[in-house]
Amino acid sequence: MSKAKHPQTLAIRGSKEQTHYNEHNQALFLTSSFMFDSAADGAALFNKTKAGYTYSRTANPTITAFQNRVAHLEKAEAAVATATGMAAIQAALLTFLNAGDHLISSRSLFGTTAGYLEGHVTRFGIDITFVSQTDISEWAAAIRPNTKMMFLETPSNPLGEVADLGALAELAHQHGILLAVDNCFCSPAIQQPLTLGADLSIQSATKGIDGQGRVLGGVVCGKAELIQQIALYVNSAGISLAPFNAWVLLGGCETLPLRLRAQNQAALALAQWLQQQPQVEKVYYAGLPENPQAELVRKQQSGGGSVLALEVKGGQEAAWHIIDHVGIFSKTANFGDVKSTITHPWTTTHGRMSAEAKQAAGIKPNLIRISVGLEDLEDLKADLAEVLAQLPV
Ligand SMILES: Cc1ncc(COP(=O)(O)O)c(C=O)c1O
């Protein structure tokens with residue numbers, strides 16, 4: 001077991017002990033199945049009296065290495081990888097929720113998550129109450145005898161609203177409820193929800209962990225006892241991560257803390273610069289010192305993250321003008337990438353939500369979401385300045 005404690009070392013060395021042929025870089029085990037020495041050996045592997053690999057939907061050495069690496073970063077006992085971030089959310093929820101159970105969720109959610117909860121989870125006889133991300137009294141009032149889980153993302157996509165994980169964990173645990181947290185806006189490099197009291201920390205590894213927009217992936221971290229149950233669900237539902245994606249994501253882990261450190265700084269500087277632009281009505285960034293939640297952010301996160309949002313004067317037309325005319329920012333919905341990205345949540349990431357649901361979550365037609373990458377900050381500012389100058393103030 002590695003003696004390292006610091007994220008940058010854990011990101012690179014966290015699972016060094018798990019090599020199979022002394023390979024310096026984790027090898028890619030691109031195989032769907034593993035052979036047994038005999039029929040009895042196969043039986044022993046399947047009934048788990050012998051440790052080993054059988055089939056890559058169940059387990060694969062490259063995926064195991066990735067899971068262990070993320071578990072180190074999240075300060076978790078265990079992790080289970082999934083095909084996507086949405087698969088990680090599905091697995092975390094459906095492993096523990098049964099027909100007749102009740103889920104409390106923040107209403108400040110990524111649009112696809114909101115659609116999944118309302119459009120699919122409810123089809124299985126699971127009741128959901130949506131509450132404010134920040135008002136603990138709403139969470140407390142929503143608790144019922146059959147409430148099994150509380151779910152939220154912090155900071156939320158796209159407005160960066162932060163939930164008080166310590167307070168919510170205390171409330172949840174008083175009632176025997178699990179607290180599941182989507183940690184993908186921060187990544188484990190800057191926030192470890194389990195250390196703040198959450199039971200499950202969920203990642204879309206597609207975002208910061210990859211960091212270079214190559215593959216999809218997800219991971220759920222928590223106590224070994226919970227993760228074992230989720231791993232069984234992932235295996236049965238067939239929503240496992242592909243070994244190739246695990247291998248790519250392992251590489252992403254190695255530069256994650258360094259990337260996030262630089263992205264935190266650049267995102268803060270860009271948010272502060274945007275606040276001074278007359279065409280900008282409001283900037284949302286968890287790391288802003290004047291953010292009313294700044295103290296909570298400092299307690300929970302070691303940085304504001306790479307994503308900010310801004311409301312511009314001139315409504316959707318002005319927002320679209322900016323998106324259409326920037327030269328460096330990629331027009332795409334992904335975030336946490338080394339390439340800066342720009343998107344219009346109202347019509348893309350949150351487009352499936354009703355206008356009322358978007359308004360309730362604070363998402364307006366004049367909102368733009370920016371993920372700050374690793375390009376030179378002065379180039380990013382100049383790109384935005386040129387387009388902002390084309391808009392009325
Ligand atoms: C907050 C949040 N959670 C989960 C997801 C889903 O991740 P994936 O696209 O890997 O399924 C996303 C995707 O954008 C997201 O923004």
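**Exercise 1. In this predicted model, determine which residues Lys-148 touches, leaving aside those up to four places away in sequence, and decide whether Lys-148 is buried, partly exposed or exposed.**

Solution. Start with the location: Lys-148 belongs to strand β4, which covers residues 147-153. Once residues up to four places away in sequence are set aside, Lys-148 touches Leu-97, Asp-101, His-102, Ile-177 and Leu-178. One of these contacts is polar, since the side chain of Lys-148 meets the side chain of Asp-101 at 2.8 Å. For the second part, the relative accessibility of Lys-148 is 36%, and because partly exposed covers the range between 20% and 50%, Lys-148 counts as partly exposed. As a further step, compare sequence with space: Glu-161 is 13 residues from Lys-148 along the chain, and the two C-alpha atoms are 24 Å apart.

**Exercise 2. Work out in what order the seven strands of the open sheet are arranged, and which strands lie at its edges.**

Solution. The order is β1-β7-β6-β5-β4-β2-β3, and the pairing is mixed. The edge strands are β1 and β3 (127-131), each of which pairs on one side only. Averaged over the sheet, and with direction ignored, neighbouring strands are turned by 20 degrees against each other. As an example of one pairing, β2 (residues 102-106) and β4 run parallel and are joined by four bridges, with Ser-105 standing opposite Phe-151 in β4. Helices can then be added to the picture: α4 packs on the sheet and touches β1, β2, β4, β5, β6 and β7, its direction making about 160 degrees with that of β6. Helix α3 (residues 61-74), for its part, lies across β1, β6 and β7 and runs at about 125 degrees to β1.

**Exercise 3. Check whether the end-to-end span of helix α8 agrees or disagrees with 1.5 Å a residue, and identify the buried residues of α8.**

Solution. Helix α8 comprises the 14 residues 224-237, which should span 20 Å at 1.5 Å a residue; the C-alpha atoms at its ends are 20 Å apart, so the two values agree. Next, the buried residues of α8 are Leu-226, Ile-227, Ile-230, Val-234 and Asn-235. Their cover includes the strands β1 (78-82), β5 (178-182), β6 (200-204) and β7 (218-222), together with helix α4 (85-94). After α8 comes Gly-238, which has a positive phi, near 70 degrees.

**Exercise 4. Establish how many residues surround the ligand, and which polar atoms of Met-86, Asp-182 and Thr-206 approach it.**

Solution. The ligand is surrounded by 14 residues, the closest being Gly-85, Asp-182, Ser-204, Thr-206 and Lys-207. Taking the ligand oxygen atoms, a polar backbone atom of Met-86 is 2.8 Å from one, and a polar side-chain atom of Thr-206 lies 2.6 Å from one. Turning to nitrogen, a ligand nitrogen atom is 2.5 Å from an N or O atom in the side chain of Asp-182.

**Exercise 5. Explain why strand β12 is described as largely enclosed, and find the strands that are bridged to β12.**

Solution. Strand β12 (residues 367-371) is largely enclosed by the rest of the structure because five of its five residues are buried. In a regular strand, side chains alternate between the two faces of the sheet. Here Leu-367, Arg-369 and Ser-371 are buried on one side, and Ile-368 and Ile-370 are buried on the other, leaving both faces covered. As for pairing, β9 (residues 307-312) runs antiparallel to β12 and is joined to it by five bridges, with Leu-310 partnering Ile-368. Strand β11 (residues 341-343) is also antiparallel to β12, with three bridges, and Thr-341 stands opposite Ser-371.

Notes. Residues are numbered from 1 along each chain as its sequence is written. This is a predicted model: local features need pLDDT of at least 70, side-chain atom pairs count only at pLDDT 80 or more; totals for chains, interfaces and linings use all residues. Side-chain values use heavy atoms; hydrogens and water are left out. Helices (H or I, at least four residues) and strands (E, at least two) are DSSP runs, numbered from the N terminus. The expected span of a helix is 1.5 Å times one less than its number of residues. Buried means under 20% relative accessible area, exposed over 50%, partly exposed in between (1.4 Å probe, protein chains only). Contact means heavy atoms within 4.5 Å. Two strands pair if DSSP finds at least two bridges between them. Axes are lines fitted to C-alpha atoms, for helices over the stretch in contact, and angles run from 0 to 180 degrees between N-to-C directions. A residue is near a molecule or strand if one of its heavy atoms lies within 4 Å of it. A polar contact is a pair of N or O atoms within 3.5 Å; within protein, one must be able to donate a hydrogen and the other to accept it, and residues adjacent in sequence count only if both atoms are side-chain atoms.
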